[in-house]
Amino acid sequence: MARRAGKRKLSDYFVWAILALLMFGLAGFGIGNFGNSAVQVGSVGNASISANAYARAIQAELRAQAAEGGPYQSLTDLRNAGLDRAILEGLVARAALTHEAGEMSLSVGDEEVARQITTTSTFQGIDGNFDRAGYELALSQAGYGVEEFEETIREDVSRSILQAAVIGGLPTPDSFTEIMVAYQTETRSFTLARVTETDLTAGLAAATPEELQEYYDENGQRFERPESRTISYAWIIPDMIMDEVEVDPAAIRALYDERISEYVQPERRLLERLVFPSQEEADAARAALDAGETDYDTLVEDRGLTLDDVDLGETAATDLAAAAAEVIFADTESEIIGPLESRFGPALFRINAVLDATEVPYEDAAEHLRDELAEDAARRAIDDMLEELDDLLAGGATLEELAEETAMQFGTIDWFDGMDQGIAAYDSFAEAAAAAQDGDFPELLGLSDGGQFALRLDAVVPPSIPPLEEIEAEVAAAWRATQLRIRLEERANAVLTNLALTGSLEDQGLALTTEDQIRRQDFIPDAPPTLVPQVFQLDAPGDMVVIPGARAAYIARLDSINQGTRGTPEVAALQGLFGAQIANSIAADVFEAFGQALETEIGISLDSAVINAVNAQFP
């Protein structure tokens, strides 16, 4: 029975061993310095953890991080994140299972080990058969000996048998699944009363100087300016010089003639064309239309087509057969015309719109075309300047001198991440500004519109809070927004408190809306994001709660609690999903507890000296 379980499913550890270790290889990282697998970083019972296994696991994680663009590119990064400890704990858990499997005499024979190896695609040649030479080469590159690897396979399959035995047959409690489904599918209907500034009994007065000072002192961090960089730059873009570029009028006329189809368009129709296999069928369809027995959309469906299939879009007379074009473009009243002959057979045409002929005279298009040609010419002129600009920078010219001696313009900006005005709107400038270091030699860099720039870092300004007098208007606006939120919430709470004396929510003169069948994950547009979760915390219909917001406070009254509809495909799918998630969660918890109990019972021994020696092999 044990061997059958091993054949049914490879353990996660086995997949890890085949793919993570062999695919990424370990040549060049000093693993051979540990001799053979007898060098151990630790043991659990009678199962050892070799230095080579620990080194492979570290390297596999580093390679995986590099492949995925992860943040941990060195052992130091892994250690700072605690991942080296997690890797070691994983090896300890595997060793505990190996020990227990050995104690229970769980193992597989050579035949099963051979089957696992020969059916692994990594070790197969181009003909799909097991490649012995490729197998031995892959193991050598991964730092494995053949016997060591095959013993690892035996242990992994044995562990998978033990794992299946521990978590197999765990039932999923139906009651738990039903509770989860009921919770997720429950909806609520409620009424919202909106309290706005117009509902306040008195308007908001302007803040006094004392109130502004107190608010600024208590909330100074709200007004903190981010770190900025004082950047000097010289730049040139096509827009700066295009007005100075000479454009030959003949070139403008030639471009207009080249694009004449854009400027002079004949009368067109937005058409749909429904083709029939024979004239008889087309005539029958037309007769049914005329008798009111069907409509055009139904005819399209009856032919097994969609409206997209029959749509011709904008169609000129020259796009149609001459006879059909003559009829279609002569008729300005009918919606459906035909049957008419088309290149694919007799067809009914539906006219969805008539587009009149249009003409943009050369005089109206000339200015736009001139700007387009001038911009192209300006780009070429900038390209012609590159050698001169490079020579000036190489000769030690400052950015200020560059602007004095060429068409470039000089400027200074207090740049911060996210700035999107002027030159800061260009991604290449933002990247260069963020990377600039004090003392860097300015270099010429390109802009997306064909421009060029060079920059210099003058200073780095740390985050700071401006003095109140510099941002008084901003502080006043923030103070007012805070006071408005407080006043709106107070007004909503007063309405709620007085409902027993003043009647129902409908009698308060507030704007009301009704929200029906709202789910837990839904949200109400323009309302605070906490509104729906707070409504779902109400216990019974009639209960009410106040939810404050920036521009309005809301009074929510629960009207009904609606249970999810059982038996629908959506609920059945949700029940299956929850059942699988709960089963997996229970299995993971049980297996983790089993592993922890094993480690506690058996005892763990780790050799910090060997661990440090392995770690020293990595940069």
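**Exercise 1. Find the strand that pairs with β4, then follow its partner into a hairpin.**

Step 1. β4 (residues 228–236) pairs with β13 (residues 452–461) in the antiparallel sense, over 9 bridges. Two strands pair if DSSP finds at least two bridges between them. Helices (H or I, at least four residues) and strands (E, at least two) are DSSP runs, numbered from the N terminus.

Step 2. Isoleucine 231 has leucine 457 of β13 as its bridge partner.

Step 3. β13 also pairs with β12 (residues 445–446), antiparallel, over 2 bridges. Here glycine 446 stands opposite glutamine 452.

Step 4. The hairpin of β12 and β13 has 5 residues between the strands. In this hairpin, glycine 450 takes a positive phi near 95°.

The model is predicted: local features need pLDDT of at least 70, side-chain atom pairs count only at pLDDT 80 or more, and totals for chains, interfaces and linings use all residues. Residues are numbered from 1 along each chain as its sequence is written, and side-chain values use heavy atoms, leaving out hydrogens and water.

**Exercise 2. Describe the length, bend and burial of helix α21.**

Step 1. α21 spans residues 472–502, 31 residues in total. From first C-alpha to last it reaches 42 Å, close to the 45 Å expected at 1.5 Å a residue. The expected span is 1.5 Å times one less than the number of residues.

Step 2. At leucine 496, α21 bends by about 30°. The bend is the angle between axes fitted to the seven residues ending there and the seven starting there.

Step 3. The buried residues of α21 are Val475, Ala478, Trp479, Leu484, Leu488, Ala492, Val495 and Leu499. Buried means under 20% relative accessible area, exposed over 50%, partly exposed in between (1.4 Å probe, protein chains only).

Step 4. These buried residues pack against β3 (187–195), α10 (209–218), β15 (544–547) and β16 (553–562). Contact means heavy atoms within 4.5 Å.

Step 5. Glycine 503 comes just after α21, with a positive phi of about 100°.

**Exercise 3. Work out how α10 crosses α21.**

Step 1. The axes of α10 and α21 come within 10 Å and cross at roughly 90°. Axes are lines fitted to C-alpha atoms, for helices over the stretch in contact, and angles run from 0 to 180 degrees between N-to-C directions.

Step 2. α10 is therefore roughly perpendicular to α21. Angles under 35 degrees count as roughly parallel, over 145 as roughly antiparallel, 65 to 115 as roughly perpendicular and the rest as oblique.

Step 3. α10 makes the contact through Glu211, Leu212, Tyr215 and Tyr216. α21 contributes Glu472, Val475, Ala476, Ala478, Trp479 and Thr482.

**Exercise 4. Name the two partners of β6 and state its burial.**

Step 1. In β6 (residues 268–275), 7 of 8 residues are buried.

Step 2. β6 pairs antiparallel with β7 (residues 311–316) over 5 bridges. Arginine 269 has threonine 315 as its bridge partner.

Step 3. β6 also runs antiparallel to β9 (residues 345–355), with 8 bridges. Leucine 274 stands opposite leucine 348 there.

**Exercise 5. Order the strands of the β2-β1-β17 sheet and place its helices.**

Step 1. The 3 strands form an open, antiparallel sheet in the order β2-β1-β17. β2 (47–50) and β17 (604–606) are the edge strands, each pairing on one side only. The twist averages 15° from one strand to the next.

Step 2. β1 (residues 40–44) and β2 share 4 bridges. Serine 43 stands opposite serine 48.

Step 3. α3 (residues 51–67) lies across β1 and β2, at about 55° to β2. α24 (residues 608–615) packs on the sheet and touches β1 and β17. The direction of α24 makes about 135° with that of β1.
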